[in-house]
Amino acid sequence: MVRRIWLIILAFGWVLSSAGFAGAQTSAPQPDLSKLADEAQGWLADLVKINTVNPPGNESATAKYISAIFQKEGISNEVLEMAPGRSIVIARLQAGPLADPTNALLLVAHQDTVGVDPKKWSMDPFAAVVREGYLYGRGSIDDKAMLTANIATMVELKRTRARLGRDVLFLATDDEEQGGPASIKNTIQKYWDKIACAYALNEGGRVIVKDGKVQYVGIQASEKVAYNVTVTATGPSGHGSMPRPESAVVHLATAIEKLGTYQVPAQPSTITLRYFEQLAKVEDDDTAKWMRALEQPARTDLAYKHLSEMSPMWNSMLRDTIAPTMLQAGVRVNVIPSEATANLNVRMLPGHSIDELIGQFGKIVNDPQIRFQLAPDSGENAPPSEITSPLYQTIERLTPQEFPGAVSVPLLGTGATDSASLRLHKVQAYGLEPFPLTEEDYSRVHGDEERMSVDGFHKGVIFLYHVVATFASSK
Ligand SMILES: [Zn+2]
């Protein structure tokens, strides 16, 4: 009973302080998105200047910065420590007096970045230098741009006292690049009640600019699963002056040659087929011809071959892939070692079984001196998100309004993101990197002189706001 009275008081308090009630007294300010994007560019520059290279991450510094923005805007938020020096930020805008995770939307971005090789940069990677229309810096795309656009969206919804049909939550994660103890997996384990949601927007999508205009908006709805397999060859050791054919090094080399050139048969998912079908509408005729051939049973094999040759990404979207990445053997130049090892980085289509593939490896290599072992760092094998959900459809609908002539395409990400962990919690999670950028801009992610187009950033902040505001106003 006492509890019920408290709930009534709580609900009444919410009505008094809510956007709806305040809006009845003074008219709510209209969104000024161009001003918001300018302000957000300042936040992006500040976040790039805070070094969060992982390891060690040091995300507590960015968490503090983000929390201060929310504090100033009156947005309820929490900074939670995941490990010493590593904190996440959770913020929320609620539609009603009580949190309702059943239709809530979560905006996710990670605060950490990969490292830099400063010799390869012509500027300080942590100075947020603006040159010829680009803001340079580690994290300027991955993922501080998305992080900033998420902050901007929360701020503008709050400032304009937007009427929400669902809760909008914000999460700034740690340790995405290494997936260690501070990563989203543990955040979900420890704090699921604080971030429970039905939908999420995260990195992993892309808005691709070709010949000066937006060609397509890629919405990541699924991702491949990463595994590492250790290949070990054993053989007799001995003096380098007396080689033997059973040498571990020779056997390993032969095995790697076979596996490194082996192509797993193509098995495109519904998402990948839809991706090519949509992309065919905006690609040049020569390329589009092979994308359309996927729908003609007599020509699919030829289409797989051509598309795989045209782009390593398309090859990876069509099939499980095997990449030898490390080799190790020997301690002296004149000693034949008794053991040699290699690492295979394997990327599987979601739902496929790594054990079955390792079974295949044994048959392909067919060598009793070789054995395979799965490393314990497997990725999360999550089901795809639906490409018919109301959130997906909102992005689909807004795409041509925002970028005339562009199509939206579902993406199967070849890399891994935080979305897989959310999908395992029944969240319809999508990658939407809302900033119009060229393939060349994207190629700098994790590379040298990463940079964000200033114009692309502004358009992306506005696009994300439109998507979230439209979706959040519905129930
Ligand atoms: Zn990232």
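In this predicted model, strands β10 (residues 225-234) and β14 (residues 339-348) run antiparallel to each other and are joined over 10 bridges. One of these pairings links T230 to N343, its bridge partner in β14. Both strands belong to an open sheet of four strands, arranged in the order β12-β14-β10-β15 with antiparallel pairing. The edges of this sheet are formed by β12 (321-329) and β15 (370-374), each of which pairs on one side only. From one strand to the next, the twist averages 25°.

A helix accompanies this sheet. Helix α12, spanning residues 354-365, lies across β10, β14 and β15. Relative to the edge strand β15, α12 runs at about 170°. With angles over 145 degrees counted as roughly antiparallel, α12 and β15 are therefore roughly antiparallel in direction.

It is helpful to place these elements within the chain as a whole. The domain assignment gives two domains: domain 1 combines residues 29-204 with 417-473, while domain 2 covers residues 223-374. The C-alpha centres of domain 1 and domain 2 are 34 Å apart.

Two helix pairs can be described in turn. Two packed helices are characterised by the angle between their axes and by the distance between the axes. For helix α9 (residues 285-293) and helix α10 (residues 300-310), the axes come within 8 Å and cross at roughly 135°. This angle makes α9 oblique to α10. The crossing of α9 and α10 is left-handed. On the α9 side, the contact is made by T287, W290 and A293, and on the α10 side by T300, L302, A303, H306, L307 and M310. Sorted by class, the α9 and α10 contact contains six nonpolar and three polar residues, with no charged residues.

The second pair consists of helix α3 (residues 33-49) and helix α5 (residues 144-159), which pack at an angle of about 135° with their axes 9 Å apart. The helices α3 and α5 are therefore oblique to each other. Here α3 passes α5 in a right-handed crossing. From α3, the residues L36, A40, W43, L44, L47 and V48 take part, meeting K144, A145, L147, T148, A149, I151, A152 and E156 of α5. By class, the contact of α3 with α5 comprises 11 nonpolar residues, one polar residue and two charged residues.

How values were computed
Residues numbered from 1 in each chain as written. Predicted model: local features only at pLDDT ≥ 70, side-chain atom pairs only at ≥ 80, totals over all residues. Domains from an automatic or database assignment. Pairing = 2+ DSSP bridges. Helix = DSSP H or I, 4+ residues; strand = E, 2+ residues; numbered from the N terminus. Axes fitted to C-alpha atoms, helices over the stretch in contact; angles between N-to-C directions. Contact = placed C-beta atoms within 7 Å. Parallel < 35°, antiparallel > 145°, perpendicular 65-115°, else oblique. Left-handed = near helix turned anticlockwise from the far one by under 90°. Nonpolar A, V, L, I, M, F, W, Y, C, P; charged D, E, K, R; others polar.
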